[in-house]
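Colleague: I would like to go through this model with you and ask how each label was earned. Could you show it to me before we start?

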Amino acid sequence: MLIDTVDLFKNEGYQINIEGELDFSEVDYYGDHPFRKAVVVGKAQNKGGIVSMKVEVDLAIETECARCLAPLSRHKKFKVRETLVRQSEETDSDSETYTVVSGRNLDLGEVVLRAILLDIDMVFLCREDCKGLCPVCGADLNEGMCDCGKES
């Protein structure tokens, strides 16, 4: 989703409402593709010459538990706040304190994906106390102990 930022940078007090869906199903995350659609709602505004963007993201996640391999589906909600600046010779495009907009448009997908990757868990569990699978027979230890003879 591209956001036209020309009027946003030129006009103090200008505001853009942001509402839409982003598809992250093709994003590779440690060999998996757990992310689905992200619903994004918020705004970008020029207040006192400072351009900021604040959006709330509701990300759908579908994957399997890292311990027991049970399918899991959940939503992760978080907020993204960014200060936007125009590209110039003085701006550092690798800055962590602001987002550089080069050209006319801001790619909202890139900004949101960066926030997801910084905020998301490295592994997904069906529940915090998941016992996983028996390493010998593969039984789901959440359903009870197995009879394979493995000593716990």
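Modeller: Happy to; below we take the labels one at a time, bearing in mind that this is a predicted model.

Colleague: Let's begin with the overall layout. What makes up the secondary structure of the protein chain?

Modeller: The protein chain has two helices and seven strands. Read from the N terminus, the order is β-α-β-β-β-β-β-β-α.

Colleague: How do you know that the protein chain departs from the globule rule?

Modeller: Set the two values side by side: a compact globule of 152 residues would have a radius of gyration near 15 Å, but this chain has 21 Å. The C-alpha trace also spans about 70 × 30 × 25 Å along its principal axes. Of the 152 residues, 35% count as buried. Residues 24 or more positions apart supply 50% of the contacts with a separation of 6 or more.

Colleague: What makes the pair Arg 104 and Asp 4 a salt bridge?

Modeller: The cut-off is 4 Å between a side-chain nitrogen of Lys or Arg and a carboxyl oxygen of Asp or Glu. For Arg 104 and Asp 4 the N to O distance is 2.9 Å, so the pair qualifies. The two residues are 100 positions apart, with Arg 104 in the loop between β6 (99–101) and β7 (105–107) and Asp 4 in strand β1 (residues 2–4).

Colleague: Why are Arg 104 and Asp 4 called partly exposed?

Modeller: Buried means under 20% relative accessible area and exposed means over 50%, with partly exposed in between. Arg 104 has 49% and Asp 4 has 33%, so both fall in the middle class.

Colleague: And what is the closest N and O distance for Lys 79 and Glu 56?

Modeller: The closest N and O atoms of Lys 79 and Glu 56 are 4.0 Å apart, and the pair counts as a salt bridge. Lys 79 belongs to strand β5 (residues 71–86) and Glu 56 to strand β4 (residues 50–64), 23 residues apart. Here the accessibility labels split: Lys 79 has 51%, which is over 50% and therefore exposed, whereas Glu 56 has 48% and is partly exposed.

Colleague: Which residue forms a salt bridge with Asp 129?

Modeller: That is Arg 127, with the closest N and O atoms 2.9 Å apart. Asp 129 is exposed at 52%, while Arg 127 is partly exposed at 37%. By this rule the count comes to seven salt bridges.

Colleague: Now to the strands. Why do you say that the side chains along strand β2 alternate?

Modeller: In strand β2 (residues 15–23), Ile 16, Ile 18, Gly 20 and Leu 22 point to one face and are buried. Gln 15, Asn 17, Glu 19, Glu 21 and Asp 23 point to the other face and are not buried.

Colleague: How do you know that β2 pairs with strand β3?

Modeller: Pairing needs at least two bridges, and nine bridges join β2 to strand β3 (residues 35–47), so the two strands pair. They run antiparallel. Among the bridge partners in β3, Ala 38 matches Leu 22 and Val 40 matches Gly 20.

Colleague: How many bridges join β3 to β4?

Modeller: Eleven, again with the strands antiparallel. Asn 46 stands opposite Val 51 in β4. The hairpin of β3 and β4 has two residues between the strands, and Gly 48 there takes a positive phi near 65°.

Colleague: Which residues does Glu 62 contact beyond its neighbours within four places in sequence?

Modeller: Glu 62, which lies in strand β4, touches His 33, Pro 34, Arg 36, Leu 72 and Ser 73. With 42% relative accessibility, Glu 62 is partly exposed.

Colleague: One last point: why does the structure hold zero disulfides?

Modeller: The sulfur atoms must lie within 2.5 Å to count. The sulfur of Cys 137 is 3.7 Å from the closest cysteine sulfur, in Cys 146, so this pair is too far for a bond. For Cys 146 the closest cysteine sulfur is in Cys 148, at 3.5 Å, which is also too far for a bond. The total therefore stays at zero disulfides. As for its surroundings, Cys 137 is partly exposed, with 43% relative accessibility.

Note on methods. Residues numbered from 1 in each chain as written. Predicted model: local features only at pLDDT ≥ 70, side-chain atom pairs only at ≥ 80, totals over all residues. Heavy atoms only, no water. Helix = DSSP H or I, 4+ residues; strand = E, 2+ residues; numbered from the N terminus. Buried < 20%, exposed > 50% of the residue type's maximum accessible area, 1.4 Å probe, protein only. Rg over C-alpha atoms; globule rule 2.2 N^0.38 Å. Contact = heavy atoms within 4.5 Å.
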